[in-house]
Amino acid sequence: MNKIDIVEWLRCEDESKLEILWKQADETREKHVGNPVHLRGLIEISNICVRDCHYCGIHAGNAELERYRMPNEEIMACVREAVDYRYGTVVLQAGEDYGITKDWLSGLIKQIKAETELAVTLSLGERSDEELVAWKEAGADRYLLRFETSNRALYDRIHPPLSGENSDRLALLKRLREIGYEIGSGVMIGIPGQTFEDLANDILTFKQLNLDMIGVGPYIAHAGTPLGRDEAKLAASAGEQVPNSEAMTYKVIALARIACPDANIPSTSALATLNTATGRELGLARGANIVMPNLTPKKYRALYEIYPAKACIDETAADCRACMHGRIRSIGRGIGSGRGDSPNKAKPDQAA
């Protein structure tokens with residue numbers, strides 16, 4: 001599939017033609033990663049962030065937000081819930097919080113590994129090589145770092161670097177692969193200024209990086225962010241701006257599955273936010289094979305507001321588990337067992 005084909009699908013509004021795309025994506029998913037849906041338990045361990053990304057509700061400039069960092073014992077309580085719920089993975093997610101130190105997190109990872117058989121995924125932003133190596137040596141398995149857009153000019157507009165530093169997430173993803181992590185990345189769909197050609201290039205970049213996991217979701221404006229306040233001024237020219245719609249999100253999930261047949265692809269909470277009733281199910285039916293039930297204690301969930309009206313804010317971890325199981329079974333799919341590692345692990349020349 002080349003860029004011309006991808007752009008044509010992204011622009012397609014013919015429901016009968018799109019049914020062909022959904023079918024191809026679902027068949028590709030079944031052939032390469034099977035029917036089980038794997039559950040990754042998400043723990044949002046801190047909403048502290050030094051970055052001022054213009055799209056994110058927890059950006060450093062949001063002075064209205066109450067900040068938190070979960071203590072070790074609370075995180076481990078969530079980890080034990082993941083074991084009880086038979087999840088295969090825990091995802092430790094945070095803003096770029098330098099209070100999460102190399103040694104503290106190394107100790108936490110070692111504790112998780114000593115007490116459980118869970119895979120550990122980290123999603124902590126752009127961190128130093130020393131930290132990333134130490135965390136891998138401590139036992140971390142995967143690292144998620146979304147590059148958000150492959151258009152460098154657009155990236156620079158929405159993602160200002162720290163003073164005196166360069167932000168190159170594509171290079172960092174390649175370094176994470178060298179260190180030995182399974183690597184995950186992804187983009188926002190419908191960022192003000194994003195064109196159809198940009199989005200097609202993003203999908204081709206997924207393939208070039210040979211990602212183990214691909215997470216995509218719609219851009220959802222947050223009133224407390226620079227981009228949320230100015231999005232109308234920054235939109236691409238008429239006919240070129242990608243819509244941040246539910247339909248466009250399904251297209252990108254499907255095209256990502258076809259371009260990267262072995263990748264683990266989640267049906268995300270952002271998609272569920274757009275369509276609470278069936279968003280996750282439709283994502284799973286159109287190429288996805290992962291869901292990420294939230295284990296974060298309720299007292300913190302509303303504080304991790306990267307975008308407004310986020311799905312599952314008022315649910316307990318038990319509620320979230322029951323909901324996910326019901327949704328998966330409603331579409332005739334089963335719950336995955338074990339860690340749900342990337343198929344790349346079985347390929348010595350490509351192993352993460």
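**Cavities, a pocket and a sheet**

Trainee: By class, what residues does the lining of the second largest cavity have?
Mentor: The lining of the second largest cavity has five nonpolar, four polar and four charged residues. Here Ala, Val, Leu, Ile, Met, Phe, Trp, Tyr, Cys and Pro count as nonpolar, Asp, Glu, Lys and Arg as charged, and the others, Gly among them, as polar.

Trainee: Before we go on, what kind of model is this?
Mentor: It's a predicted model, where local features need pLDDT of at least 70 and side-chain atom pairs count only at 80 or more, while totals for chains, interfaces and linings use all residues. Residues are numbered from 1 along each chain as its sequence is written, and side-chain values use heavy atoms, leaving out hydrogens and water.

Trainee: OK, back to that cavity. What volume does the second largest one have?
Mentor: About 100 Å³. A cavity is a set of 1 Å grid points, over the protein atoms alone, where a 1.4 Å probe fits but cannot get out, and lining residues have an atom within 4 Å of a point. Points are joined across faces, edges and corners, and the volume is the space filled by probe spheres set on them.

Trainee: And which residues lie nearest its centre?
Mentor: Arg40, Thr121, Arg142, Leu144 and Met213, out of 13 that line the second largest cavity. Strands E2, E4 (142-144) and E5 each supply at least two of that lining, and E5 gives the largest share, with three residues. Strands (E, at least two residues) and helices (H or I, at least four) are DSSP runs numbered from the N terminus.

Trainee: How many cavities does a search of the whole structure find?
Mentor: Four of 30 Å³ or more. The largest cavity holds about 1000 Å³ of space. Among its 47 lining residues, Gln93, Ser123, Arg146, Glu148 and Ile306 are the closest to the centre.

Trainee: What about the classes in the lining of the largest cavity?
Mentor: You'll find 26 nonpolar, 13 polar and eight charged residues there.

Trainee: Which element gives the largest share of that lining?
Mentor: E6 does, with five residues. At least two residues each come from E1 (38-46), E2 (89-94), E5 (182-189), E6 (213-218) and helix H11 (269-274).

Trainee: Let's stay with E6 for a second. Where is valine 216 found?
Mentor: In strand E6. Leaving aside neighbours within four places in sequence, valine 216 is in contact (heavy atoms within 4.5 Å) with Arg146, Val187, Ile189, Phe206, Thr249, Val252, Ile253 and Thr268. By contrast, aspartate 52 is 21 Å away from valine 216, C-alpha to C-alpha, and 164 residues apart in sequence.

Trainee: New topic, the sheet. In what order do the strands run?
Mentor: Seven strands form an open, parallel sheet, ordered E6-E5-E4-E3-E2-E1-E7. Strands pair if DSSP finds at least two bridges between them.

Trainee: Which are the edge strands?
Mentor: E6 and E7 (290-291), each of which pairs on one side only. E7 pairs with E1 over two bridges in the parallel sense, and valine 291 in E7 has leucine 39 opposite.

Trainee: Last one: what volume does the largest pocket have?
Mentor: About 160 Å³. A pocket is an open set of grid points with protein on both sides within 12 Å along at least five of seven lines. The lining is Val83, Arg86, Tyr87, Gly88, Thr116, Glu117, Leu118, Gly336, Ser337, Gly338 and Arg339. By class, that makes three nonpolar, five polar and three charged residues.
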